[in-house]
Amino acid sequence: MIGVFGGTFNPVHYGHLRTAVEIKALLGLEQVRLIPCRLPPHREQPDVSAEMRFAMLQLAIAGAEGLVADRCELDRPGPSYMVDTLRALKAKQPEQTLVLIIGGDAFLGLERWHQWRRLFDFAHVVVMMRPGFVASDLHPELQQRVIVDPCHLRQSSVGYLWFQQVTQLDISATRIRQLIADGGDARFLLPDQVLVFIKQHGLYQAVS
Ligand code: ATP
């Protein structure tokens, strides 16, 4: 099974990296592919280019076994719809089971994703939850996909929804960008190499 973890990664931080590593171990994934979007369809366009965000991701995971920076959305024109990404990955490796990894906050907006129902035609979906979270008021089509044991992820190659408890770090890229713009110290929220890159390229500075 391969994990697929998409995001803006503007910039990538330890909240992303720690949960990617944890999910990989908990579900016994062969690898987790971190996939920065080129044009996020559901939010404002980032002012840092996709190539820069990808470069930061590469620096962050250099040498981290089982984490892969995947540029497939960068090379595809138009908005970066996850359903297209999953379709393309599945077409390349039809024998692989794909597990789409999404954060609890992103999951709350899932029904606004382009062709969200079709995500389950290509992958399972795993939602990373904080300890104690209980999913309530799920869309009936999501409810019927919920499994009670992650072992079931290996019994079918697509279509299940699993809520995985992880130790989520309360770190967000928004806060990091704000901190840097304010001239603050963002050390230990993200890898040092990424911070060096941010400084070298003058990213996230306040516009004066
Ligand atoms: P921003 O603050 O700009 O919205 P972000 O920190 O939420 O960014 P994204 O790149 O938008 O990061 O998120 C990519 C994915 O990572 C989403 O599924 C999101 O829910 C998840 N995620 C973000 N931060 C964390 C965190 N601290 N722990 C676990 N998952 C996270």
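**Reading cysteines and a ligand shell**

Guide: The sulfur of C37 is 11 Å from the closest cysteine sulfur, which belongs to C72, and that is too far for a bond. Keep in mind that this is a predicted model.

Visitor: What is a disulfide?

Guide: The term means a covalent bond between the sulfur atoms of two cysteines. To count here, two cysteine sulfur atoms must lie within 2.5 Å.

Visitor: How many disulfides does the structure hold?

Guide: The structure holds zero disulfides.

Visitor: Is C37 buried or exposed?

Guide: C37 is buried, with a relative accessible area of 7%; the cut-off for that word is under 20%.

Visitor: Now the ligand. Which residues are closest to the ligand?

Guide: A residue joins the shell if one of its heavy atoms lies within 4 Å of the ligand. The shell has 22 residues, and H13, D105, L169, A173 and T174 are the closest. Sorted by class, the shell has 11 polar, eight nonpolar and three charged residues.

Visitor: Where are polar atoms of the protein found beside ligand atoms?

Guide: Take backbone and side chain in turn. A polar backbone atom of T8 is 3.0 Å from an oxygen atom of the ligand, and one of G15 is 3.5 Å from a ligand nitrogen atom. From T174, a polar side-chain atom lies 2.4 Å from an oxygen atom of the ligand.

Visitor: How much of the ligand does the protein bury?

Guide: The ligand taken alone exposes 590 Å², and the protein buries 88% of that.

Visitor: Which elements give two or more residues to the shell?

Guide: They are strand 1 (2-7), helix 1 (14-27), strand 4 (98-103), helix 4 (104-107) and helix 7 (173-181).

Note on methods: Residues are numbered from 1 along each chain as its sequence is written. This is a predicted model: local features need pLDDT of at least 70, side-chain atom pairs count only at pLDDT 80 or more; totals for chains, interfaces and linings use all residues. Side-chain values use heavy atoms; hydrogens and water are left out. A polar contact is a pair of N or O atoms within 3.5 Å; within protein, one must be able to donate a hydrogen and the other to accept it, and residues adjacent in sequence count only if both atoms are side-chain atoms. Accessible areas come from the Shrake-Rupley method with a 1.4 Å probe; for residues, only the protein chains shown count as cover. Helices (H or I, at least four residues) and strands (E, at least two) are DSSP runs, numbered from the N terminus. Ala, Val, Leu, Ile, Met, Phe, Trp, Tyr, Cys and Pro count as nonpolar, Asp, Glu, Lys and Arg as charged, and the others, Gly among them, as polar. Buried means under 20% relative accessible area, exposed over 50%, partly exposed in between (1.4 Å probe, protein chains only).
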